[in-house]
Amino acid sequence: QRRVRGLWKMAEEKTQGEDWKTELKSKGRACLITVKNSTNRALVRVGENLNHGKFRKDPPDVIEPHNSVEFGVEARTPLTGTQGSVQYELVGSDQVFLLYWYNPKVGKPKVGFVIAPPFHCEQTGTLDKFSDIIFEVTEVVKTPAPTPAAPAATPAPTPAPAPAKTETTTTEPAKPATQQPAATAAQPLTPAEIAEVQTKLADQITKYYRLTNKVLGRYVIGLILTNLLII
């Protein structure tokens, strides 16, 4: 129903011509507000707040996608200004677009907007006693990044064939046979050598008899002493 009402008002306003803009400019403090809907969604009015002033032309209930609308607001008396806001919902989302204005009798006028991503608004125009402001609403559509193709599998390198084992046979040189010394035939003793051997043998026998006599003598003396002690 709101969309039908909005379309009806748009048709009605077209028949009225541009006279309302002329009357709006003649006021002491006024704002001509243009809203460009550059999205693929309709903007549906969900609220408004007019603290001071009055609408020379009401904001539309619906702003169709890729469409532009205008409305005007002015002071009620030459000694006052105008202040207010309008809210639009972006159909198919949970976001709201809010625009506001403040054009006082004394002081610099101010206008602005509130909107959240992925939507964006660009504000242009002039600020004066008669302010002509344009709000253009757009939507930033994120394009998914292409999925990178998986890299082709690299075949594993073929291992080089192991070199054939070469058996090396080492021939040790034959060891020369050790020659055993030939047995020396016994040589007969000379008469001088025989005499020398006999002399050494006689000396050994003499030493033996002397030692034996010495031992026997001590043994005999011991026996005698033993017998004397017994007696």
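Start by selecting β6 and β7, which form a hairpin with five residues between them. In the turn, pick out G92: this glycine has a positive phi of about 85°. Keep in mind as you go that the model is predicted. Strand β6 covers residues 82–90 and runs antiparallel to β7, with eight bridges joining the two. Two pairs are handy to label here: Q83 stands opposite Y102 in β7, and Q87 stands opposite L98.

Now show the side chains of β7, residues 96–103. Which of them point to the buried face? F97, L99, W101 and N103 do, while V96, L98, Y100 and Y102 point to the other face and are not buried. In general, side chains of a regular strand alternate between the two faces of the sheet.

Follow the chain onward to β8, residues 110–114. Strands β7 and β8 run antiparallel and are joined by five bridges. Six residues lie between them in this hairpin, and G107 in the turn has a positive phi of about 120°. For a landmark on this side, find Y100, which stands opposite G112 in β8.

Zoom out to see the sheet these strands belong to. The order is β4-β2-β6-β7-β8, an open sheet of five strands with antiparallel pairing. At its edges are β4 (62–63) and β8, each of which pairs on one side only.

Next, select A42, in the loop between β1 (30–37) and β2 (43–52). Is A42 buried or exposed? A42 is buried, because its relative accessible area is 5%, under the 20% cut-off. Add V91 to the selection: 49 residues separate A42 and V91 in sequence, yet their C-alpha atoms are 5.6 Å apart.

The other sheet to color is also open, with five strands in the order β3-β5-β1-β10-β9 and mixed pairing. Its edge strands are β3 (54–57) and β9 (119–126), each pairing on one side only. From one strand to the next, the twist averages 25°. At the β3 edge, three bridges join β3 to β5 (residues 67–74), and these two strands run antiparallel. Look there for K57, which stands opposite G72 in β5.

Stay with this sheet and turn on the charged side chains. The whole structure holds eight salt bridges. In one of them, E70 meets K21, with the closest N and O atoms 2.7 Å apart. This pair links distant parts of the chain, since E70 is in strand β5 and K21 in helix α2 (residues 19–25), 49 residues apart. Another salt bridge joins E23 to R56 at 2.5 Å, N to O. E23 lies in helix α2 and R56 in strand β3, so this pair ties together parts 33 residues apart in sequence. Both ends are partly exposed: E23 at 38% relative accessible area and R56 at 27%. Add K54 and E74 to the selection, and you have a network of salt bridges that links them with E23 and R56.

Finish on helix α3, residues 191–230. Here E196 forms a salt bridge with K200, the closest N and O atoms being 3.6 Å apart. The two are separated by about one helical turn because they are four residues apart in the helix. E196 is partly exposed at 44%, whereas K200 is exposed at 52%. For a last stop, select L201, I205, Y208 and Y209, which make a nonpolar surface patch of about 470 Å². Within this patch, I205 is partly exposed, with 41% relative accessibility.

Technical notes:
Residues are numbered from 1 along each chain as its sequence is written. This is a predicted model: local features need pLDDT of at least 70, side-chain atom pairs count only at pLDDT 80 or more; totals for chains, interfaces and linings use all residues. Side-chain values use heavy atoms; hydrogens and water are left out. Buried means under 20% relative accessible area, exposed over 50%, partly exposed in between (1.4 Å probe, protein chains only). Two strands pair if DSSP finds at least two bridges between them. Patches are made of residues with over 30% relative accessible area and no salt bridge: like charges are joined within 9 Å, nonpolar side chains (Val, Leu, Ile, Met, Phe, Trp, Tyr) within 5 Å. Accessible areas come from the Shrake-Rupley method with a 1.4 Å probe; for residues, only the protein chains shown count as cover. A salt bridge is a side-chain nitrogen of Lys or Arg within 4 Å of a carboxyl oxygen of Asp or Glu. Axes are lines fitted to C-alpha atoms, for helices over the stretch in contact, and angles run from 0 to 180 degrees between N-to-C directions.
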